[in-house]
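This report describes the overall form of a single protein chain and then turns to one residue in it. Please consult the sequence and the coordinates alongside the text.

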Amino acid sequence: MKRLSMILALAAVLCFLTGASAESGLSAATCTEEQFTTRMPAGCTAQYTQGTGLQIFAEHPGYIPYVIVSRRPAEMKFSNPTNYLNNVYREYMENQYGDRMIGMNPAKNWEIGGKTLLGARYLYKVGDTTVCLLQLIEVREDGDVEYSAKFVDGDDQSAMDALDAAVRYYATTDEAATAAPVEPVNMSGREVDTDSGIYWAAITDVDRVENGGFFTARLYLQDLYPAADIAGLGEGRQVRVNGQVYTVSSVVPHEDGAIEIVPREDFEGYIVFNPASDTFYTALVNDWVPCTHIADWKVLLPLADAFAFTWIGGDGDASIYDAYSFINWLGDAELNQYNTMLQFADGMVISIIHTSYPFGPEA
């Protein structure tokens, strides 16, 4: 990515004003051998092992805690999942670990990943350490799925986080290809919050300052995507960005929780989804963020005495001007929804923040 300092500086100001926080993020885990995709917490690693399934290592590759996801062929469905867990799999564990086997908790329903799955716990010893294996079954028409989570008994947090993501975002390759595109949240019908609202804005009608005593602020909100939808993106899924539908060829997780997609379609540049809060992402297309128009607001002059205009220059330094200086300066630069933010307080515009970059998609 290039020249992101301005948009990051403005985003930092917005986060400060709104109290937004970023979540840790999830990354893609794709199993081409068994034709499914899922997600895993950032920092996990995944590898496929023939006869075992897709292993997701929560901390260190090759060691517990880890999760295994294995898809059964459609013709090998479970006829009696409860009997399988209570008897067939129990006998397998007893044969595997012999006198190191401590026991099991019989099959019951487990709430995990937004689903109700049948599962059982098995305990055995490795030296002086008690290891727990949680085995879950998801019955599906397109092939039943087994989830295994192995961890040290009493220390299950990282394994359960990985298991929750694996269960929640499991999808076959066919499902990913036929699912409806991920869409931004519908912003239509929202009223302008003049008490404390913060908007991205394009300043127009600057020629009316002299002969009309006003200018117009075209108000926008940045497009928001539910975090669960973005976390569920994988090969074959589609997502709408700035009105255009893109098909995901691959997903590239970033350390800061951002999720980059590589579209199958011809595309110059990059599309990255950045955490905007605990529950939403925004899209960064090259150097600008797609927005949705909410309303046009006539800003009457004079501005409030407390009004402040902040201009963040190309070097990242910020200059602050009062209302009189802003009006005299207005028109010397393009203030649009990709580089300008406006704040209301008690029915009046009290702050406008502008960065020299970016210019937006037209540039």
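How many helices and strands does the chain have? The model is predicted, and its chain has seven helices and 23 strands.

**Overall dimensions and surface**

The C-alpha trace spans about 90 × 40 × 35 Å along the principal axes of the chain. The radius of gyration is 26 Å, whereas a compact globule of 363 residues would have a value near 21 Å. Of the 363 residues, 47% are buried. The contact pattern was examined for residues at least 6 apart in sequence: 55% of these contacts join residues at least 24 apart.

The table collects values that describe the chain as a whole.

| Property of the chain | Value |
|---|---|
| Radius of gyration | 26 Å |
| Share of buried residues | 47% |
| Exposed area | about 17700 Å² |
| Distance between the mean positions of positive and negative charges | 8 Å |

Carbon and sulfur atoms supply 48% of the exposed area. The chain carries 22 positive and 49 negative charges, and the mean positions of these two sets are 8 Å apart.

**Asp 174**

Asp 174 lies in helix H4, which covers residues 173-178. Is Asp 174 buried or exposed? Its relative accessible area is 61%, and therefore Asp 174 counts as exposed, the cut-off being over 50%. Asp 174 is also 8.3 Å from Phe 36 in space, C-alpha to C-alpha, although the two residues are 138 residues apart in sequence.

Notes:
Residues are numbered from 1 along each chain as its sequence is written. This is a predicted model: local features need pLDDT of at least 70, side-chain atom pairs count only at pLDDT 80 or more; totals for chains, interfaces and linings use all residues. Side-chain values use heavy atoms; hydrogens and water are left out. Helices (H or I, at least four residues) and strands (E, at least two) are DSSP runs, numbered from the N terminus. The radius of gyration is taken over C-alpha atoms; the globule rule is 2.2 Å times the number of residues to the power 0.38. Buried means under 20% relative accessible area, exposed over 50%, partly exposed in between (1.4 Å probe, protein chains only). Contact means heavy atoms within 4.5 Å. Accessible areas come from the Shrake-Rupley method with a 1.4 Å probe; for residues, only the protein chains shown count as cover. Lys and Arg count as positive and Asp and Glu as negative; His and the chain ends are not counted. The place of a charge is taken as NZ of Lys, CZ of Arg, CG of Asp or CD of Glu.
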